[in-house]
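This briefing goes through one protein chain, topic by topic. Please keep the sequence and the structure open while reading.

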Amino acid sequence: MDTPELLPPSHAEVRDFEILIRANHPLIVLETDEPERGEGLIRWLADRLSIAYARWEPDAGLTRSDLVSFKLENSESLTVSLEYITRAPGDCAAIPATRGR
């Protein structure tokens, strides 16, 4: 899914997420009524920190827009995807699709 170009988030919007990521928290939950803005913020932060960005959807599984050939077997299961993310070498910012989609 392509997201529309958004203005870069303000420093205050990303500061807490950046601190959590740099502190090596394996899972950070972002609950929002504005999923496009939330995804844009996480994509922007992943780019800023030079870490991989992945998206999970029930039908497509775990995907990476920067690496089209990326395929994780059985990643339609959120459990399989979360296990991969916690074991993946290096850092990865991932976002699941919202319940409303």
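**Leu41 and the overall layout**

Leu41 has its place in helix α2. This residue is buried, because its relative accessible area is 10%. Leu41 and Glu13 are 28 residues apart in sequence, yet their C-alpha atoms are 8.1 Å apart in space. The model is predicted, and the points below are grouped by topic.

**Fold and surface totals**

- The chain holds three helices and three strands.
- Read from the N terminus, the order of these elements is α-α-β-β-α-β.
- Of the 101 residues in the chain, 31% are buried.
- Contacts between residues at least 6 apart in sequence include 53% that join residues at least 24 apart.
- The chain has an accessible surface of about 7100 Å², and carbon and sulfur atoms account for 52% of that surface.

**Nonpolar cores**

- The largest nonpolar core consists of 10 residues, among them Leu41, Val14, Phe17, Ile21 and Tyr53.
- Helix α1 (11–22) and helix α2 (35–49) each contribute at least two residues to this core.
- Helix α2 gives the largest share of the core, with five residues.
- A second core, separate from this one, has six residues, including Trp56, Leu62, Phe70 and Ile85.
- As a general point, nonpolar side chains in soluble globular proteins tend to be buried together.

**Nonpolar patch on the surface**

- Leu27, Val29, Leu78 and Leu82 make a nonpolar surface patch of about 370 Å².
- Leu82 belongs to helix α3, which covers residues 78–87.
- Leu82 counts as partly exposed because its relative accessible area is 34%, whereas Leu41 is buried at 10%.

**Strands β1 and β2**

- Strand β1 covers residues 52–57, and five of its six residues are buried, so the strand is largely enclosed by the rest of the structure.
- Strand β2 (residues 61–63) runs antiparallel to β1, and three bridges join the two strands.
- Trp56 has Leu62 in β2 as its bridge partner; both residues also appear in the second nonpolar core.
- The two strands form a hairpin, with three residues between β1 and β2.

**Glu18 and its two arginine partners**

- Which residues does Glu18 touch, not counting those up to four places away in sequence? They are Leu45, Arg48 and Leu49.
- Glu18 is found in helix α1 and is buried, because its relative accessible area is 9%.
- Leu45 and Leu49, both touched by Glu18, are members of the largest nonpolar core.
- A salt bridge joins Glu18 to Arg22, with the closest N and O atoms 3.0 Å apart.
- Both of these residues are in helix α1, where Glu18 and Arg22 are four residues apart, about one turn of the helix.
- The two ends of this pair sit on opposite sides of the cut-offs: Glu18 counts as buried because its relative accessibility is 9%, while Arg22 is exposed because its relative accessible area is 56%.
- Glu18 also meets Arg48 in a salt bridge, at 3.1 Å from N to O.
- This second pair links distant parts of the chain, since Arg48 is in helix α2 and Glu18 is in helix α1, 30 residues apart.
- Arg48 is partly exposed, because its relative accessible area is 44%.

**Salt bridges: total and network**

- A search of the whole structure gives eight salt bridges.
- In general terms, side chains of opposite charge can pair when their charged atoms come close.
- One of the salt bridges is between Glu39 and Arg55, with 2.8 Å between the closest N and O atoms.
- This pair connects distant parts of the chain: Glu39 is in helix α2 and Arg55 is in strand β1, 16 residues apart.
- Are Glu39 and Arg55 buried or exposed? Both residues are buried.
- Glu39, Arg43, Arg55 and Glu57 are joined into one network by salt bridges that share partners.

Conventions
Residues are numbered from 1 along each chain as its sequence is written. This is a predicted model: local features need pLDDT of at least 70, side-chain atom pairs count only at pLDDT 80 or more; totals for chains, interfaces and linings use all residues. Side-chain values use heavy atoms; hydrogens and water are left out. Buried means under 20% relative accessible area, exposed over 50%, partly exposed in between (1.4 Å probe, protein chains only). Contact means heavy atoms within 4.5 Å. Accessible areas come from the Shrake-Rupley method with a 1.4 Å probe; for residues, only the protein chains shown count as cover. A nonpolar core is a set of buried Ala, Val, Leu, Ile, Met, Phe, Trp, Tyr and Cys residues joined through side-chain atoms within 4.5 Å. Patches are made of residues with over 30% relative accessible area and no salt bridge: like charges are joined within 9 Å, nonpolar side chains (Val, Leu, Ile, Met, Phe, Trp, Tyr) within 5 Å. A salt bridge is a side-chain nitrogen of Lys or Arg within 4 Å of a carboxyl oxygen of Asp or Glu. Two strands pair if DSSP finds at least two bridges between them.
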